[in-house]
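Trainee: Could you take me closely through the helices of this model, and tell me what surrounds them?

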Amino acid sequence: MSNVITLENISKIYSTKEIETIALSNVNLEVKKGEFVSVMGPSGCGKSTMLNVMGLLDAPTDGNVLIDNLATKGMRDKALSRLRNEKIGFVFQSFHLINDLPVIDNVELPLLYRKGVWSRERRKLAKEALEKVGLSARTKHYPNQLSGGQRQRVAIARAIIGQPEIILADEPTGNLDSKMGAEIMEILHRLNKEEGATIVMVTHDERLAQQTDRIIRLFDGARVN
Ligand SMILES: Nc1ncnc2c1ncn2[C@@H]1O[C@H](COP(=O)(O)OP(=O)(O)OP(=O)(O)O)[C@@H](O)[C@H]1O
Ligand SMILES: [Mg+2]
C-alpha cells in the first residue's frame, strides 16, 4: 500500500529569547492509504506539533514531509496552502468554528479558497457533508446554539467538504462527554471505512486509541514505538 503521509527525520525546535524547546526530535513515520492511526503521549510531548507539521500548518526545523510521496520541503507557501486545502481536513479539540456564521457557511469555508467551485455547488456539497454527520436539521443555526458534540460534527463536515484524502484530528473528543465522544468516533470510523479517508488522531483516551489500526507513542518529542 502506498504512503499517504511520510515524515522523514522531522525535528521541530521552538526558539524564544530565553529558551529552545525541542518539540520533535528525528521523528519518522509512514501512514498508509486508508489507515486510522492514533497518536498518544503525555502533555507537551509534541503530539500537536507533529500533527501541525504533517498537516503543513507548521514547517519543521529539519526533515521532510511527503504527502502522497510528494516532498514538501522547499515548497512555497502558496503551493503548500493549495496542497493542504486539497488533501487535508482538520478537526480540533476546541472546534474552531466562526460564531458569526451559520453552520452551513462554516462548512463551506474551505471551498471558498478553491477555484471553480460556484456558490450553488458549495451549498450542495455543504448540505451533503452535514448529512454525513447527521446535522441536516441544523444548517441555519449558529455554532453557539449547538451542543459540543454538534459543534464538533459541524467541524467534521467542514473538514470533509472538500473530500480530503487525509483527516487530521487533534483530540477531537477532548472537550466532549463520553457519549458525544463516542458519536464523534463513530463518524470518524465511518469516514475511514466507507469513504477511505486516512486518519491521524491525537487522543489521551487509551480506549479510543485501541479502536484504531495502530497507536504511535511519543515521549519528549521522540517516538517510542
Ligand atoms: N509556539 C510555540 N512556541 C514555543 N514552544 C512551543 C510552541 N508550541 C508548542 N511548544 C512547546 O513544544 C512542546 C510540544 O508541544 P505540543 O503542543 O506539541 O504538545 P502536546 O503533546 O500536543 O501536548 P498536549 O497533550 O498538552 O496538547 C511543549 O513543550 C510546548 O511547550
Ligand atoms: Mg496538543
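Mentor: Helices here are DSSP runs of H or I with at least four residues, and they are numbered from the N terminus. The model is a predicted one, and everything that follows should be read in that light. Let us begin with K47, which has its place in helix α1 (residues 47-54). K47 is buried, since its relative accessible area is 6%, and the cut-off for that word is under 20%. Around K47, leaving aside residues up to four places away in sequence, the contacts are V39, M40, G41, P42, V202, H204 and L218. One of these partners, L218, lies 171 residues from K47 in sequence, yet the two C-alpha atoms are 7.1 Å apart in space.

Moving on to helix α2 (residues 77-87), we find L80, L83 and N85 buried, and the elements that cover the buried residues of α2 include the strands β4 (62-67), β5 (70-71) and β6 (88-92) together with helix α3.

Helix α3 (residues 103-112) in turn packs with helix α4 (residues 119-132), their axes coming within 9 Å and crossing at roughly 120°, and the crossing of α3 past α4 is right-handed. On the α3 side the contact is made by V103, I104, D105, V107, E108, L111 and L112, which meet R122, R123, L125, A126, K127, A129 and L130 of α4. Sorted by character, the residues of this contact comprise 9 nonpolar and 5 charged ones, with no polar residue among them.

Methods
Residues are numbered from 1 along each chain as its sequence is written. Chains are lettered from A and ligands numbered from 1 in the order in which they are written. This is a predicted model: local features need pLDDT of at least 70, side-chain atom pairs count only at pLDDT 80 or more; totals for chains, interfaces and linings use all residues. Side-chain values use heavy atoms; hydrogens and water are left out. Axes are lines fitted to C-alpha atoms, for helices over the stretch in contact, and angles run from 0 to 180 degrees between N-to-C directions. Helices (H or I, at least four residues) and strands (E, at least two) are DSSP runs, numbered from the N terminus. A crossing is left-handed if the near helix is turned anticlockwise from the far one by less than a right angle, and right-handed if clockwise. Contact means heavy atoms within 4.5 Å. Ala, Val, Leu, Ile, Met, Phe, Trp, Tyr, Cys and Pro count as nonpolar, Asp, Glu, Lys and Arg as charged, and the others, Gly among them, as polar. Buried means under 20% relative accessible area, exposed over 50%, partly exposed in between (1.4 Å probe, protein chains only).
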